[in-house]
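Here is a short report for a reader meeting this structure for the first time. It takes the open and closed spaces, then the charged pairs, then the surface and the backbone.

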Amino acid sequence: MASDSLTIVDNRTGKQYELPIHYGTFPLYGASIRGADLKKIKISDDDFGLMSYDPAFLNSASCQSGITFIDGERGILRYRGYPIEQLAEQSNYMEVAYLLMNGELPTKTQYDDWVHGITHHSIVHENMKEVFHGFHYDAHPMPMLISTLAALSAFYPASRNVMDPDVRKLQIYRLLGKVTTLAAMAYRHTKGLPYVMPDNDLSYVGNFMNMLWRMAECRYTPNPTLEKALDVLFILHADHEQNCSTNTMRIVASAESDPYCAAAAAAAALYGPLHGGANEAVLKMLRQIGSMDKVPQFIKDVKDRKAMLMGFGHRVYKNYDPRAKVIKRLAEEVFEVTGKNPLIELAVELERIALQDDYFVSRKLFPNVDFYSGIIYEAMGMPSEYFTVVFAVPRMCGWLAQWQEMILDAEQKIARPRQVYTGVAIRDYEPIEKRRAR
Ligand code: ACO
């Protein structure tokens, strides 16, 4: 008998089945059986066969991926094998985006070509301004970003040819270039400010800051500390394996939809308060708590299930989120320039109490990436509604890397889960005059 296998006895029939066990890079992390192998477990020839029932994908792998590795028990995050701490310390976002997309860090020439390609696709069609003009001045910037990402599809109909590698490359440049422009336009729209076109002489992040904050000056010069801090935040948010929005990107794109519509769908998933929308929710929560003396009562409310501690907990991390550690340190550097955001003290106190409390300890609830990021964005001058947009901008490269990997994976097909049907077995149609309200 092969040692790397699973023996299953079906007690309904007494039959025994042997299913192979497959491994990824780490034998102790990611051993799996094929869901389709369960199908041969049947009680009769006309039985469909056994399925695994896994609402919310609690323990199902939907793909093999070589992009991002997370060990949630030990608080480890790596992109293409590189620890996130090293990348945050030594790399920059454009280099990391190349790494995620191509598997290796770029040479100098590759890096220059990559940055040039993205930079020279950052301008959006003039008609896009009309799309923005259709929104109310107080529209939330996330729906504006989601809609305008989808609208790009209408400007680039050839993008539907997703099996052509040259077409894919062009859309990757366009999406990475234009996501900053659209995100900045959403911000300027809510402020009633004129849109600022990209400045190709600035860095990716520096240009984003230019499009957000340039006023009447001839040339915008980003503050180097804030530019560096935002770049690190972009690195930390670039990818996070099969999270809700990335899974959405893969699922929509599995139908061979174009990457603009798939990215819009991914951004829509990110908008939810249980996912990327949590950074906005954290600030709302901190403001509601208001002062240090209210923290113990708030923690009590959370334990009584009257409130959620937003920015805490994670499906995968059962340890401190390594990104939150870097962000907490980064906050101090940003505050040197912007002045301290008073909410940081509330957040630190909440964390201190929560990490000593059995409710949080026993459930392995730790701060996640969203707990401290909003406090930094707010110190930089961004309104809380804008935080999820600043998450979506760097996550675009993760979505695109995962999209490309899926397209090139010969095992992938259109995503189509099964269900366990629990409805009425069969009944006869009744004309409306004979029906009773049920
Ligand atoms: N506050 C209070 N209790 C919590 C929290 C929280 N933030 N998170 C989880 N719990 C509790 C749950 O009530 C549950 O308790 P129970 O077993 O007694 O019922 C237990 O911890 C396990 O939580 P689940 O909801 O089963 O965990 P799941 O993996 O489904 O959810 C999630 C993870 C959605 C992140 C959750 O922790 C949460 O809602 N956190 C707050 C929102 C947030 O910060 N989201 C951002 C995540 S990071 C990102 O997406 C970028």
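## The second largest pocket

The second largest pocket has a volume of about 250 Å³. The model is predicted. Three elements each give two or more residues to the lining of this pocket: α2 (93–102), α3 (108–119) and α6 (165–191). Of the elements, α6 gives the most, with five residues.

Which residues line the second largest pocket? The list runs Y98, M101, N102, Q110, D113, W114, P165, R168, K169, I172, Y173 and Q404. By class, six of the lining residues are nonpolar, three are polar and three are charged.

## The cavity

How many cavities of 30 Å³ or more are there? The count comes to one. The largest cavity has a volume of about 100 Å³. Its lining is made of 15 residues. T119, L202, S203, Y204 and N207 lie nearest the centre of the largest cavity.

Helices α3 and α6 take part here too, each with at least two residues of the lining. The element α7 (204–213) also supplies at least two. The lining of the largest cavity divides into seven nonpolar, seven polar and one charged residues.

## A buried salt bridge

The structure holds 18 salt bridges. One of them joins the side chains of R250 and E405, at 2.7 Å from N to O. This pair links distant parts of the chain. R250 sits in helix α9, and E405 sits in helix α17 (residues 387–408). The two residues are 155 apart in the chain.

Are R250 and E405 buried or exposed? R250 is buried. E405 is buried as well.

## Salt bridges with exposed or partly exposed partners

K300 forms a salt bridge with D304. Their closest N and O atoms are 3.0 Å apart. K300 counts as partly exposed because its relative accessibility is 43%, and partly exposed lies between the limits of 20% and 50%. D304 is also partly exposed, with a relative accessible area of 39%.

R438 and E430 meet through their side chains in another salt bridge, at 3.6 Å from N to O. Why does R438 count as exposed? Its relative accessibility is 74%, and exposed means over 50%. E430 is partly exposed, with a relative accessible area of 32%. Elsewhere, D199, D201 and R219 are joined into one network by salt bridges that share partners.

## A nonpolar surface patch

Which residues make the nonpolar surface patch of about 420 Å²? The patch is made by F48, M51, Y53 and V420.

M51 is one of these four residues. M51 lies in the loop between β2 (15–20) and β3 (68–71). Its relative accessible area is 33%, so M51 is partly exposed. That value also passes the patch cut-off of over 30%.

## Two residues with positive phi

Most residues other than glycine have a negative phi. A56 departs from this, with a positive phi of about 65° although it is not a glycine. Where does A56 lie? A56 is in the loop between β2 and β3. M51 of the nonpolar patch lies in the loop between β2 and β3 too. A56 is exposed because its relative accessible area is 52%, which is over the 50% limit.

E241 is not a glycine either, and its phi is positive, at about 40°. E241 is found in the loop between α8 (224–236) and α9 (244–253). Helix α9 is also the helix that holds R250 of the buried salt bridge.

## A pair across the chain

A154 lies in helix α5 (residues 141–155). Is A154 buried or exposed? A154 is exposed, because its relative accessible area is 66%.

A154 and C261 are 107 residues apart along the chain. Their C-alpha atoms are separated by 9.6 Å.

Definitions and conventions: Residues numbered from 1 in each chain as written. Predicted model: local features only at pLDDT ≥ 70, side-chain atom pairs only at ≥ 80, totals over all residues. Heavy atoms only, no water. Patch = residues over 30% accessible without salt bridge, like charges linked within 9 Å, V, L, I, M, F, W, Y side chains within 5 Å. Areas by Shrake-Rupley, 256 points an atom, 1.4 Å probe, with all protein chains shown as cover. Helix = DSSP H or I, 4+ residues; strand = E, 2+ residues; numbered from the N terminus. Buried < 20%, exposed > 50% of the residue type's maximum accessible area, 1.4 Å probe, protein only. 1 Å grid on protein atoms, 1.4 Å probe; cavity = no way out; pocket = protein on both sides within 12 Å on 5 of 7 lines; lining within 4 Å. Points joined across faces, edges and corners; volume = space filled by probe spheres on them. Nonpolar A, V, L, I, M, F, W, Y, C, P; charged D, E, K, R; others polar.
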